[in-house]
Every structure is written in structure tokens, then in C-alpha cells.
Amino acid sequence: MSLTTTTKLHNGVEIPSVGLGVYKMAENEVYESVKTALELGYRHIDTASFYENEEGVGRAIKDSGIPREEIFVTTKVWNDEQGFVETLEAFHRSLTKLGLDYVDLYLVHWPVSDKYKDTWRALEKVYGDGKARAIGVSNFLPHHLDDLMRDSEIMPMINQIELHPQLSQVETREFCKQHNIAVEAWSPIAKGTYLDHPVLQEIAEKYNKTAAQIILRWDFQNEIITIPKSVRKERQRENADIFDFELTQDDIDKINSMDNDNRLGLHPDDF
Ligand SMILES: NC(=O)c1ccc[n+]([C@@H]2O[C@H](COP(=O)([O-])OP(=O)(O)OC[C@H]3O[C@@H](n4cnc5c(N)ncnc54)[C@H](OP(=O)(O)O)[C@@H]3O)[C@@H](O)[C@H]2O)c1
């Protein structure tokens, strides 16, 4: 198993289970980081129009020389771009910046309450036109998904949410599982804020791994797609090196017990 290990979405498309997140990477930084990650074997890049670095991502992909179809590219429609027509326009802006003919995954970044259904109709059109191989949402709670599904033709293939051991999102994960929506973790290592946690440290020591690797392996064994961000080659390598050991159920239970609702980002209902 490696960085090409995939998770199958409900439409049959395969997404590499570990990808590189590029939030807060500046244009100049993102180019080098994505190129390095691709050299290390990463085949999944997560960007967004909000990150203002799609051009750098696109250039790095092009210059890598790796065939386009071997790289899974995600981007997202930002909140002030939502609405049917607005989203179609935003999508074309993103494609142009990326320099691509299609994306692998297009996401609604946040559930903007009076707009997300119109936005979703635009994503359905993008998907129907063959310009995105999969479509999904981000930061949707079960009530948003319930509401969306009532009026939509296509079920989201993915819900990308803040998810790490101290915010394990049991309820949303269970809802997604019931509806065949894959879950993807953002801020999977909680931006590095509690990698010194004794539970993580104890398990890390046992396997001669780092706390970040323990969390990312916990994601993998829970069938959670994960997109750790790093601009550093050594950390990119570290975050990908999670396929040569296996956590026991006891380890997983201990990590599960760390949940304390420690949300680093905004709550989707307060956005
Ligand atoms: N859909 C959404 O609303 C949403 C919101 C936030 C993020 N995201 C996506 O999720 C991705 C990941 O989330 P994130 O960037 O917020 O946080 P993250 O991946 O949990 O953590 C990134 C931070 O941890 C550091 N780091 C990375 N690997 C490390 C390691 N092995 N050991 C110690 N520190 C390490 C990085 O620093 P260095 O870069 O200096 O290594 C960076 O400061 C984003 O890049 C973005 O693509 C989506």
C-alpha cells in the first residue's frame, strides 16, 4: 500500500486516500511544495479558489511531467461565489487558473444557507458536463445533507469536514456512512496543536512512528480520506509513511476517547 492506495466513491471514481492540502500556501510556495509532493509519490492535491493558489498548483502539475489522469485534483467554490450562475462562473475561473480541462473533485466549500441548493445544482451540471469526475460538499452537518438530498438528483460523493482525534465527528461520519458519502478530514493533524498528547505519544512510541503518523493511520483505518498540509519535504514524506504498520482496536479505542469537541475552525451553523 502506498500513496496510490485509493478509496472508491459511490460513483466508482477512486480517490487516493492520502493527499496534500495546500491551504495558506502562497503562490510561490505552493509551486515548490506540490512539485516536491508529486516527486515523493503524492497523487492527490486539495486546493480551493479561496486559497488563491490554484495557478501555482496547476503549474506544478504541468511541470511535473506526470500524466494528468494520474493526479487527483480537488478545488472548491467559495462562499461569495455561490448561487447557480455564480458557481458555474467560479468553476470556469478555477479551471482556467489551474490550466486544466477538468477537475477530479469539485466541492461546495461551506453550506451558505440560502444558496447551497442552487450551488449544488451548478455542481450537478458541471458533473453532467463531464468537467468534474466527482462532486461533493464540505462542512455539511447531517441536517444540511438531509436538506440537500431532498431536492437534489445526485448525492454528494464526499463530505470534507474538520476531523481529528479531538473532534472525531462521530455523528456526521455515521450519517455519511449510511448514505454512502465518503468522509474526508481537513486539519487532520489539528495543525500540529496537540501532537505531544500522551495518548498519541504512547502509541507512537510503540510503533516507532510519530504522533502525526498515528493520527493519519487512524484516519486510514477508519476509512477517512485525509489531506495533511506541509510545505516541508521531510514532513510530506513522514505524513505519507503510514502504510507499513497497523493500529490495534485497543489503540483505535484510545484515540477515539480523545474526542473533546476541540474545534479549531468555525462551526458550520455559525459561519
Ligand atoms: N474544507 C475546508 O473548509 C478546509 C478548511 C481547512 C483546511 N482544509 C484543507 O485541509 C488541509 C489540511 O488542513 P490544515 O492545513 O488546516 O492543517 P493540518 O494539515 O492539520 O496541519 C498543517 C500544519 O501542521 C504542520 N505539519 C504538517 N505535517 C506535520 C508533521 N508531520 N509534524 C508536525 N507538524 C506538521 C504544517 O506545517 P509546515 O507546512 O510548516 O510543515 C502546518 O502548520 C488544508 O491544507 C486544506 O487543503 C479544508
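The paragraphs below go through the ligand site of this predicted model, then its pockets and its cavity.

The ligand is a convenient place to begin, and it sits in the largest pocket of the structure. Around the ligand there are 28 residues, of which Asp46, Ser138, Ser187, Lys229 and Ser230 come nearest. Sorted by class, this shell consists of 13 nonpolar, eight polar and seven charged residues. Helix 9, which runs over residues 233-240, supplies the largest share of the shell, and that share is three residues.

Some of the surrounding residues place polar atoms close enough to oxygen atoms of the ligand to count as polar contacts, for which the limit is 3.5 Å. In the case of Tyr23, a backbone N or O atom lies 2.9 Å from an oxygen atom of the ligand, and for Ala190 a polar backbone atom is 3.3 Å from a ligand oxygen atom. With Lys191 the side chain is involved, since an N or O atom there is 2.9 Å from an oxygen atom of the ligand. Taken on its own, the ligand has 900 Å² of accessible area, and the protein covers 90% of that area.

How much space does the largest pocket hold, and which residues are closest to its centre? Its volume is about 840 Å³, and among the 34 residues that line the largest pocket, those closest to its centre are Tyr23, Trp186, Ser187, Lys191 and Lys229. Tyr23 and Lys191 have already appeared through their contacts with ligand oxygen atoms, while Ser187 and Lys229 belong to the residues that come nearest to the ligand. The lining divides into 17 nonpolar, 10 polar and seven charged residues, and its largest share, three residues, again comes from helix 9.

The second largest pocket contains about 490 Å³ of space. It is lined by 20 residues, and the closest of these to its centre are Arg173, Lys177, Val183, Asn222 and Glu223. Strand 1 (6-8), helix 6 (170-178) and strand 9 (182-186) are the elements that each give two or more residues to this lining, and helix 6 gives the most, with five residues. By class, the lining of the second largest pocket is made up of eight nonpolar, seven polar and five charged residues.

Besides these open pockets, the structure can be searched for enclosed space, and how many cavities of 30 Å³ or more does such a search find? Across the whole structure the search finds one, and the largest cavity has a volume of about 50 Å³. Its lining is formed by Asn139, Phe140, Leu141, Ile161, Glu162, Gln169, Thr172, Arg263 and Pro268, a set that divides into four nonpolar, three polar and two charged residues.

Methods: Residues numbered from 1 in each chain as written. Predicted model: local features only at pLDDT ≥ 70, side-chain atom pairs only at ≥ 80, totals over all residues. Heavy atoms only, no water. Near = heavy atom within 4 Å. Polar contact = N/O pair within 3.5 Å; in protein donor to acceptor, adjacent residues only side chain to side chain. Areas by Shrake-Rupley, 256 points an atom, 1.4 Å probe, with all protein chains shown as cover. 1 Å grid on protein atoms, 1.4 Å probe; cavity = no way out; pocket = protein on both sides within 12 Å on 5 of 7 lines; lining within 4 Å. Sits in = over half its atoms within 2 Å of the grid points. Helix = DSSP H or I, 4+ residues; strand = E, 2+ residues; numbered from the N terminus. Nonpolar A, V, L, I, M, F, W, Y, C, P; charged D, E, K, R; others polar. Points joined across faces, edges and corners; volume = space filled by probe spheres on them.
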